[in-house]
Amino acid sequence: MTKTKLIDMDRIQSLTNMDEINQIVDKTFREFGRRRIKNPTKVTLDLGDSSDWPDYEGYMNAMPAYIEWLDVAGIKWVGGFDGKRKEANYPYITGMILMIDPQMGTFETILDGSFITNMRTGAQTAVILKNLGFERDQDITIGLYGTGMQAKTSLMALSEWYNIQEVKLSNHRYESVPPFIDEIEHLIDGSINYKEDPAEASDADVVITATKAEEPIIHSEWIKPDTVLIPLGSSHEIDNQTIADANYIIVDHAGQAAHRGALADAFSKDIIDQNDIDATIGSLASGRTQLGDLSGKTVIAVPIGIGAHDVAVAGVIAKRAQEEDIDEEFEFQPY
């Protein structure tokens, strides 16, 4: 019989931290760029998120990966739900990660996936800036749209590697702004300024959208040169003219970018095609692609999310848990 370990959120939080997750995400992008990671395009089960049936206002993604540098394989089963889940006051994101022995196929570890999802999503923002040439401890200003968990973890990740001099904050519901500021103000070296006019929040070095908006909340006339725009949401947060005007477009996974996330609408309307993708984050991290001097340029970086990050973080945590001899486990038949 094989023994499968169970690792809950509290244990995961005790076994890692934001800086380490930044580093894992960075290394995973680099190894992905070196083609030393297997990461198929994610598969989505639509449960009413963008379809009429069934009307459960949610979705689930299946995201498998193999990570050579850790020699681990796994899959994340993750999604987001409003509807009854929201009524129950549960967090929007729900997920689990299932790890296997890549040689035997035996189930080794099951981990909570929500915390890892939120942390690695935030880490992507810091890693993108690093691979665009931002220096460690560089002063930056942030335009932030949204006050949810991934807005918070983005600031957590960025504050580990950079000095945040100002956050210009925009959100469609003001009532969520004061508690959000209370949560994140210790991460900011300078000031946090709520902008009632959303256009004013876009005047920053880095503009991050972390919302569930299905219509553009960023418009081309707002975006100035020397801006890095990072849309984290799963829908159409930035208008197509902004995409058409960008000097550079980079993505985490070229196969996904055409069908989901910020670029999907522009692809479907033939405003851009695959030739307009200038680099992947992995090709930049591995050194296979260089963009050169970005002064005066506008860059759109779209991290839709790859399962390799979750599997890599889960792999590090699972190995650490094994070293500490965690005893929450149960048995599976090996056949």
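**Exercise 1. Which elements cover the buried residues of helix H2, and which of its residues are buried?**

Solution. The cover over the buried residues of H2 includes helix H1 (9-15), strand S2 (37-38), H4, H5, helix H10 (281-285) and H11. The model being read here is a predicted one.

Step 1. Begin with the helix itself: helix H2 spans residues 18-33, has 16 residues, and reaches 23 Å from its first C-alpha to its last, which is close to the 22 Å expected at 1.5 Å a residue.

Step 2. Then turn to burial, for which a residue needs a relative accessible area under 20%. H2 is mostly covered, since twelve of its 16 residues are buried. The buried residues of H2 are Met18, Glu20, Ile21, Asn22, Ile24, Val25, Asp26, Thr28, Phe29, Glu31, Phe32 and Gly33.

Step 3. Finally look at both ends of the helix. At its start, a side-chain oxygen of asparagine 17 comes to within 3.2 Å of the backbone nitrogen of aspartate 19, and after H2 comes arginine 35, whose phi is positive, near 65 degrees.

**Exercise 2. Describe how helix H4 and helix H11 pack, and say which residues meet.**

Solution. Step 1. Two packed helices are described by the angle between their axes and the distance between the axes. For H4 (residues 114-131) and H11 (residues 307-323) the angle is about 115 degrees, and the axes are 10 Å apart. The crossing in which H4 passes H11 is right-handed.

Step 2. From H4, the residues Ile116, Thr117, Arg120 and Gln124 meet His309, Asp310, Val313, Ala314 and Ile317 of H11. Sorted by kind, the residues of this contact are four nonpolar, three polar and two charged.

Step 3. Take isoleucine 116, which lies in helix H4, and ask whether this residue is buried or exposed. Isoleucine 116 counts as buried because its relative accessibility is 1%. Leaving out residues up to four places away in sequence, isoleucine 116 touches Ile12, Ile97, Leu111, Asp310, Val313, Ala314 and Ile317. Its C-alpha atom is separated by 9.9 Å from that of threonine 16, although the two residues are 100 residues apart along the chain.

Step 4. Take alanine 312, which belongs to helix H11. With a relative accessibility of 0%, alanine 312 therefore counts as buried. Apart from residues up to four places away in sequence, its contacts are Ile24, Thr28, Ile67, Trp69 and Leu70. Between the C-alpha atoms of alanine 312 and aspartate 245, which are 67 residues apart along the chain, the separation is 35 Å.

**Exercise 3. Find the side-chain partners in polar contact with glutamine 150 and with asparagine 61.**

Solution. Step 1. Glutamine 150 lies in helix H5 (residues 149-161), and its side chain is joined to that of asparagine 118 by a polar contact of 3.4 Å. Once its neighbours within four places in sequence are set aside, glutamine 150 is in contact with Ile93, Thr117, Asn118, Thr121, Ala210 and Leu232.

Step 2. Asparagine 61 has its place in strand S4, and is buried because its relative accessible area is 7%. Its side chain and that of threonine 44 form a polar contact of 2.5 Å. Among the residues that asparagine 61 touches beyond four places in sequence are Lys42, Val43, Lys76, Trp77, Val78 and Arg260.

**Exercise 4. Locate the backbone features at proline 54, aspartate 226 and aspartate 270, and state what they are.**

Solution. Step 1. Recall the background: most residues other than glycine have a negative phi, and most peptide bonds are trans.

Step 2. Tryptophan 53 and proline 54 are joined by a cis peptide bond, with omega about -10 degrees. Proline 54 sits in the loop between strand S3 (43-47) and strand S4 (58-67).

Step 3. Aspartate 226 is not a glycine, yet has a positive phi of about 65 degrees. Its position is in the loop between strand S11 (206-209) and strand S12 (227-231), and aspartate 226 counts as partly exposed because its relative accessibility is 45%.

Step 4. Aspartate 270 has a phi near 60 degrees, a positive value in a residue other than glycine. Aspartate 270 belongs to the loop between helix H9 (264-268) and strand S14 (279-280), and its relative accessibility is 68%, so this residue counts as exposed.

Definitions and conventions
Residues are numbered from 1 along each chain as its sequence is written. This is a predicted model: local features need pLDDT of at least 70, side-chain atom pairs count only at pLDDT 80 or more; totals for chains, interfaces and linings use all residues. Side-chain values use heavy atoms; hydrogens and water are left out. Axes are lines fitted to C-alpha atoms, for helices over the stretch in contact, and angles run from 0 to 180 degrees between N-to-C directions. Helices (H or I, at least four residues) and strands (E, at least two) are DSSP runs, numbered from the N terminus. A crossing is left-handed if the near helix is turned anticlockwise from the far one by less than a right angle, and right-handed if clockwise. Contact means heavy atoms within 4.5 Å. Ala, Val, Leu, Ile, Met, Phe, Trp, Tyr, Cys and Pro count as nonpolar, Asp, Glu, Lys and Arg as charged, and the others, Gly among them, as polar. A polar contact is a pair of N or O atoms within 3.5 Å; within protein, one must be able to donate a hydrogen and the other to accept it, and residues adjacent in sequence count only if both atoms are side-chain atoms. The expected span of a helix is 1.5 Å times one less than its number of residues. Buried means under 20% relative accessible area, exposed over 50%, partly exposed in between (1.4 Å probe, protein chains only).
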